[in-house]
Amino acid sequence: MKTIIYYFTGTGNSLAAAKKIAAALGETAIVPIASLAKTSGPITPDAGRVGIVCPVYFSGLPAMVTAFAERLDAAPAGYVFAVVTHGGGGGAAALRQLDGILRERDGRGLDAGFSVSMPGNYILMYESPAGEKRDRLLAAADSEFEAIAARIGRGERRNLPHAPLTRLIKAVMYPRFLSRVHGDDRKFTVDERCTSCGTCAAVCPAENIEIVEGKPVWNHRCELCCGCIHLCPAGAIQAGKGTEGRQRYRNPSVGIAELERQREP
Ligand SMILES: Cc1cc2nc3c(=O)[nH]c(=O)nc-3n(C[C@H](O)[C@H](O)[C@H](O)COP(=O)(O)O)c2cc1C
């Protein structure tokens, strides 16, 4: 059966998830949500199965994923699933948010939703796990993707997890995140290590970065995916003192070139 997986990613975890599930399912197209951001009108996938894969932000969905889901007409597909990747929690609340948006649009929500723990990438607050800890997390996630693909392949329908605590956390944190997200790039600066390579602008899923006189300029359409900070080859992008000493992260199964293609149709 033909499947389309739509994904959004900052540092590659969600793209790695989409690729692994697609490989296990076979006959699957992977479409970046960022490539649809400049289009308008309903999105009508021509597939028997539709999946959405994205990270959890403050126990909810990235803003661009919300806008995409509001346009998605997934009802004609026989089976609709979602996989959210996160650094520690909040997946249940994000899945419920997505289910609610789809349900409101066409009266039919997710048939199944899965939440998978992966290395956290919110560098503004903490350092991503590295070394053996990172490798253990990624290996465990890979096993989960296999199991998830098998469940999707069988067309399993599951009730979404109930998580009253994460819903409470979301109620407090998420509205604040949404109200500031696009302008949060005002915290971003570039230091003297910048080589003017343009990687930051190329990987930005929101097309928010321009290179002006050889340096990145952020235009306040930020999704806060932290891709520019993590993927700068020189480690030259900061968001305050806190990020200066923190190790950068990219999912090792995903290359920079793939992340640079996110906005391409
Ligand atoms: C702005 C932001 C907010 C985040 N909020 C959460 C969160 O609420 N809970 C959590 O477990 N991880 C959170 N994370 C971590 C990501 O969900 C996690 O690292 C995800 O796998 C990143 O996926 P990506 O590599 O596809 O961008 C957050 C990351 C960012 C950048």
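A residue counts as near a molecule if its C-beta atom, placed from the backbone, lies within 6 Å of it. Keep that cut-off in mind for the first exercise. The model used here is predicted.

**Exercise 1. The ligand shell**

Find which residues come nearest to the ligand, and sort the shell by class.

*Solution.*
Step 1. Start with the shell: 26 residues lie around the ligand.
Step 2. Pick out the nearest ones. They are Gly10, Asn13, Ser14, Pro55 and His86.
Step 3. Ask which elements give two or more residues to the shell. These are helix H1 (13-25) and S4.
Step 4. Sort by class. The shell has 10 nonpolar and 16 polar residues, and no charged ones.
Step 5. Check the domains. Domain 1 (3-169) and domain 2 (181-259) each supply at least three residues to the shell.

**Exercise 2. The sheet**

Work out the strand order and name the edge strands.

*Solution.*
Step 1. Read across the open sheet of 5 strands: S2-S1-S3-S4-S5.
Step 2. Note the pairing, which is parallel.
Step 3. Look for strands that pair on one side only. Those are strand S2 (28-32) and strand S5 (112-117), the edge strands.
Step 4. Add the twist. From one strand to the next, it averages 20 degrees.

**Exercise 3. One pair and a helix**

Describe how S4 and S5 pair, then place helix H3.

*Solution.*
Step 1. Strand S4 (residues 79-86) pairs with S5 over 6 bridges, in the parallel sense.
Step 2. Find a facing pair: Val83 stands opposite Phe114 in S5.
Step 3. Now add helix H3 (residues 91-106). Helix H3 packs on the sheet and touches strand S3 (49-55), S4 and S5.
Step 4. Compare directions. Those of helix H3 and S4 make about 145 degrees.

Notes
Residues numbered from 1 in each chain as written. Predicted model: local features only at pLDDT ≥ 70, side-chain atom pairs only at ≥ 80, totals over all residues. Pairing = 2+ DSSP bridges. Helix = DSSP H or I, 4+ residues; strand = E, 2+ residues; numbered from the N terminus. Axes fitted to C-alpha atoms, helices over the stretch in contact; angles between N-to-C directions. Contact = placed C-beta atoms within 7 Å. Nonpolar A, V, L, I, M, F, W, Y, C, P; charged D, E, K, R; others polar. Domains from an automatic or database assignment.
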